[in-house]
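This report describes the salt bridges, the nonpolar core, the aromatic contacts and the backbone features of one protein chain. The structure is shown first, and the description follows.

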Amino acid sequence: MSFPDPAGRVVVSRGDDPPDLGGSPSVRFVAPGSVTGGRFGLFEYRMAPRSPGPGPHVHSTFSESFYVLDGELTIFDGARWAPYRPGDYVHVGETGVHAFRNDADVETAFLILFAPGIARENFFTELRAIRDEGRELDEEQWREFYARHDQVNL
């Protein structure tokens, strides 16, 4: 059986491929929306011990799901912070307030699934470029940056 629709193709991402964005946090674009026909985006995220993550925020056009691989990930669900360990799964629907960080003394690794598969890799790539280039954005520029990537920080 063949699939004339390119969305029906088989796509492989090797687990030993280097992360797309090294450093800490490290983000590997396992299956961005451009590969999945916009159905979802799957990223592997690694955070150093005792690392802050994004503060409370919302997205209006996509959901996020977190699956912990190693270590411990602390997630804010809009009301409280709670630790999650390997094998734990958390889903945040559109407009759900959430945040995450690593409160543990070891690195944490987790998967983030974005649905639908918006080009979320652009957010991470642009954010890393801002940091690597030492650019300083004022409050309005940050607000515009986040708005362009469907993120409202609370």
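## Salt bridges

The count of salt bridges comes to 11. The model in which they occur is a predicted one. Three of the pairs are set out below.

| Pair | Closest N to O distance |
|---|---|
| Arginine 135 and glutamate 133 | 2.9 Å |
| Arginine 143 and glutamate 139 | 3.6 Å |
| Arginine 143 and glutamate 140 | 3.1 Å |

Arginine 143 bridges to glutamate 139 and also to glutamate 140. Arginine 143 and glutamate 139 are four residues apart in helix α2 (residues 139-148), and therefore about one helical turn separates them. Glutamate 140 and arginine 143 are three residues apart in helix α2, so that they too are separated by about one helical turn. Glutamate 140 counts as partly exposed because its relative accessibility is 48%. Salt bridges with shared partners also join Arg28, Glu44, Arg46 and Glu107 into one network.

How accessible are the other residues in the table? Arginine 143 has a relative accessible area of 46% and is partly exposed, whereas glutamate 139 is exposed at 60%. In the remaining pair, arginine 135 is partly exposed, with a relative accessible area of 42%, while glutamate 133 is exposed at 53%.

Glutamate 121 presents another case. This residue belongs to helix α1 (residues 120-132). Glutamate 121 is buried and yet has no salt bridge; arginine 120, the nearest side chain of opposite charge, is 8.3 Å away. A salt bridge requires the nitrogen and the carboxyl oxygen to lie within 4 Å, and therefore this separation does not qualify. Which residues surround glutamate 121, leaving aside neighbours within four places in sequence? Its contacts are with Phe29, Pro32, Gly33, Ser34 and Phe43.

## Fold and nonpolar core

The protein contains two helices and 10 strands. Read from the N terminus, the elements follow the order β-β-β-β-β-β-β-β-β-α-α-β. Of its 154 residues, 39% count as buried. Among contacts with a separation of 6 or more, 65% are between residues 24 or more positions apart.

In soluble globular proteins, nonpolar side chains tend to be buried together. The largest nonpolar core here has 25 residues, and those that touch the most other members are Tyr45, Phe66, Leu73, Phe100, Phe110 and Phe124. Helix α1 supplies the largest share of this core, four residues.

Phenylalanine 100 illustrates how such a core residue is surrounded. Apart from neighbours within four places in sequence, phenylalanine 100 is in contact with Tyr45, Met47, Gly53, Pro54, Phe66, Leu73, Thr74, Ile75, Trp81, Phe110 and Ile112. Among these contacts, Tyr45, Phe66, Leu73 and Phe110 are also named with phenylalanine 100 as core residues that touch the most other members.

## Aromatic rings

The structure holds 17 aromatic pairs. One of them joins phenylalanine 145 and tyrosine 146 in an edge-to-face arrangement, with 5.1 Å from centre to centre and 75° between the planes. Are these two residues buried or exposed? Phenylalanine 145 counts as buried because its relative accessibility is 1%. Tyrosine 146, at 17%, also counts as buried, because the class covers values under 20%.

Two arginines are placed over aromatic rings. The charged end of arginine 101 sits over the ring of tryptophan 81, at 3.7 Å from its centre. Arginine 120 lies over the face of phenylalanine 123, and the distance to the ring centre is 4.0 Å. Arginine 120 is also the residue named above as the nearest side chain of opposite charge to glutamate 121.

## Backbone features

Where does the backbone contain a cis peptide bond? The bond from alanine 115 to proline 116 is cis, with omega near -5°. Proline 116 lies in the loop that connects β9 (108-115) and α1.

Positive phi values occur at two residues described here, neither of which is glycine. Arginine 50 has a phi of about 50° and is found in the loop between β2 (41-47) and β3 (57-58). Arginine 50 counts as exposed at 52% relative accessibility. Threonine 95 has a phi near 70° and is located in the loop between β7 (89-92) and β8 (99-101). With a relative accessible area of 56%, threonine 95 is likewise exposed.

Terms used. Residues are numbered from 1 along each chain as its sequence is written. This is a predicted model: local features need pLDDT of at least 70, side-chain atom pairs count only at pLDDT 80 or more; totals for chains, interfaces and linings use all residues. Side-chain values use heavy atoms; hydrogens and water are left out. Buried means under 20% relative accessible area, exposed over 50%, partly exposed in between (1.4 Å probe, protein chains only). Lys and Arg count as positive and Asp and Glu as negative; His and the chain ends are not counted. Contact means heavy atoms within 4.5 Å. Rings of Phe, Tyr and Trp (its six-membered ring) pair if their centres lie within 6.5 Å; planes under 30 degrees apart count as stacked, over 60 as edge-to-face and the rest as tilted. A charge sits over a ring if NZ of Lys or CZ of Arg is within 6 Å of the ring centre and within 35 degrees of the ring normal. A nonpolar core is a set of buried Ala, Val, Leu, Ile, Met, Phe, Trp, Tyr and Cys residues joined through side-chain atoms within 4.5 Å.
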